Amino acid sequence: MQSQTSYLRFYHIHYHHWVTLLLILILLVHGESGESTDSEDASLGHCDNKSCSKKSRRYLLYNVNPGEGFNLRRDIYIRVAPLVKSLNEHDKSNEWVLVLPPWGALPHWRRTNPDVFFPWKTFFQLDKIREYVPAMEIKEFMDESGYDNPLDIVFQLQHYPFEEDGDWSDKIESGVTCDFDLAYKKNPGTKLYTGQFWNQPIQAKAAKCMAFRGQSSALRKFIIENGYKSVMFDRAEVILWDSYGDINFWTARESLVFSTRLHQLALEFLKRNGLTPSINISFVGDTRTGSNVSSTNLSIRREYLGTHLRRADFMLGRLASEIPSVPSTARQIIHKLKQLGLANVFIATDAAKMEVIELKNQIQGEMPGTTVYFFRNEKISDGECAILDQIICSFSKHFIGTRDSTFTLRIFEEREILGFSSDANFNYLCPDQNEMNCERATQWRKT
């Protein structure tokens, strides 16, 4: 009996000892708050086991003037994403998440149904964005925050008035008279402001116009001081880069990596046409790596000249005098092909069908044996076709673009990231009056 009692006492003590240890382990793994687990937080990027479950999640949304195209919108990301990164560096008690606006029927996407919208993952690798800054698609945000849960506030940005004294310091003035009608209207019943965020209705407790001049860091201070949990900046093109062209700019820019699917389609196009990329390109999961090379293990190299000729809307305004005619474009391409010893050219262009035919005929007529390539695929969207044009131009031995075109500028950036020399990259087609000797593009080198 004595031994049985001792055994029960021993069992009782050790049972509770192990239960206590188990409870401590559970608390350490899941946190005492019962909030979202670290694995859920980490899927958005930039969370670790020590901080995520303890932080309150806050959201920054942005939108751009409806008339802006795909390539300028990509640039706005490079202005806004560092703002969210900076918020997380300075606001240690909260985790700020960038909510990415959907892609709709943009001005140059002529075949795109206005009722069709594309998430960012259609065009870019979300994991690369999330390595740089916590981010989510608009649908993920609505699912997480609730479709009926209003934002704290929406600011419709506008440029701060020019000052005669030459003061260019940062300026923020909230609640000013709107230069354009406020896109968010107050509902008399709910007292909430409602607007359309592409295909997604957005509600907010308040909506104001804000006159702003300055870099995104000025908005960081404003956001933290006002304690917003969810804030949206419409017309975000008003915001300037904190540091254009420096290491911080390029770090943000490098987070925009085209989707693996689009890279594979570009390589399939080149392979199908027997063309050789002028870089070594490989894919590991969703990660792209590339390096500029002067040789390859392929027995036959068929490198090519990449060219972007912007026409369409550029021919209607002040830029018309800077755009070469079709015959002049053909002469410049032929000159560069001969100079480089190439017999293949890939042309990305929005020129009319008859102009495309004329350009091809003039090149091949003056330089027999030359092959002229264009990318066409009716099975994929306008946006995907445009990106494939850019990828193929990015892989070319030498590139010539169109002055003042953001499409060309984005190709310059891609090639700079891939490691091409400035001579092979920052080049423009020249206007007719200065056909072979015009000013080269500004060289924003990766630091």
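Me: In this predicted model, how does the span of helix 8 (residues 260–272) compare with what its 13 residues should give at 1.5 Å a residue?
Reply: The idea is to set an expected length against the distance between the end C-alpha atoms. For the 13 residues of helix 8, the expectation at 1.5 Å a residue is 18 Å, and the end C-alpha atoms are indeed 18 Å apart, so the two values agree.

Me: Which residues of helix 8 are buried, and what phi does Gly-274 take just after the helix?
Reply: The buried positions in helix 8 are Thr-260, Leu-262, His-263, Ala-266, Leu-267, Phe-269 and Leu-270. Just after helix 8, Gly-274 takes a positive phi of about 70 degrees.

Me: How should I read the confidence, and where in the protein is it lowest and where highest?
Reply: One begins with the overall figure and then turns to particular stretches. The mean pLDDT of the protein is 84, with 83% of its residues reaching 70 or more. Confidence is lowest in helix 1 (residues 2–30), where the mean is 38, and highest in strand 13 (residues 305–309), where it is 98. Over residues 1–42 the pLDDT is below 50, and this stretch has 18 contacts in the model beyond near neighbours in sequence. Residues 283–299 also stay under 50, and for them the model has 40 contacts beyond four places in sequence.

Me: What is the order of the open sheet of three strands, and which strands stand at its edges?
Reply: A sheet is read by strand order and by the sense of pairing. Here the order is 6-7-8, with antiparallel pairing. Strand 6 (185–186) and strand 8 (200–204) stand at the edges, and because each has a single partner strand, one side of each is left without a neighbour in the sheet. Strand 7 (residues 193–197) pairs with strand 8 in the antiparallel sense over five bridges, and Phe-197 has Gln-200 in strand 8 as its bridge partner.

Me: How many aromatic pairs are there, and why does the pair of Phe-70 and Trp-109 count as tilted?
Reply: Ring pairs are judged by the distance between centres and by the angle between planes. With centres within 6.5 Å as the criterion, the count comes to 28 aromatic pairs. The rings of Phe-70 and Trp-109 have centres 5.6 Å apart and planes at 40 degrees, so this pair is tilted. Phe-70 lies in helix 3 (residues 70–90), and Trp-109 in the loop between strand 2 (94–100) and helix 4 (126–132), so the pair ties together parts that are 39 residues apart in sequence. Both Phe-70 and Trp-109 are buried.

Me: What kind of pair do the rings of Trp-103 and Phe-123 make, and are these residues buried or exposed?
Reply: Their centres are 6.1 Å apart and their planes stand at 90 degrees, so the pair is edge-to-face. Trp-103 and Phe-123, 20 residues apart, are both in the loop between strand 2 and helix 4. Trp-103 is buried, with a relative accessible area of 2%, and Phe-123 is buried too, at 0%. One aromatic cluster is formed by Phe-70, Tyr-77, Trp-103, Trp-109, Phe-118, Trp-120, Phe-123, Phe-124 and Phe-258.

Me: Over which rings do the charged ends of Arg-235 and Arg-415 sit?
Reply: The charged end of Arg-235 sits over the ring of Phe-180, 5.3 Å from its centre, and that of Arg-415 sits over the ring of Phe-420, 3.9 Å from its centre.

Technical notes
Residues numbered from 1 in each chain as written. Predicted model: local features only at pLDDT ≥ 70, side-chain atom pairs only at ≥ 80, totals over all residues. Heavy atoms only, no water. Helix = DSSP H or I, 4+ residues; strand = E, 2+ residues; numbered from the N terminus. Expected span 1.5 Å × (residues − 1). Buried < 20%, exposed > 50% of the residue type's maximum accessible area, 1.4 Å probe, protein only. pLDDT = per-residue confidence, 0-100. Contact = heavy atoms within 4.5 Å. Pairing = 2+ DSSP bridges. Phe/Tyr/Trp six-rings, centres within 6.5 Å; stacked < 30°, edge-to-face > 60°. Lys NZ or Arg CZ within 6 Å of the ring centre and 35° of its normal.
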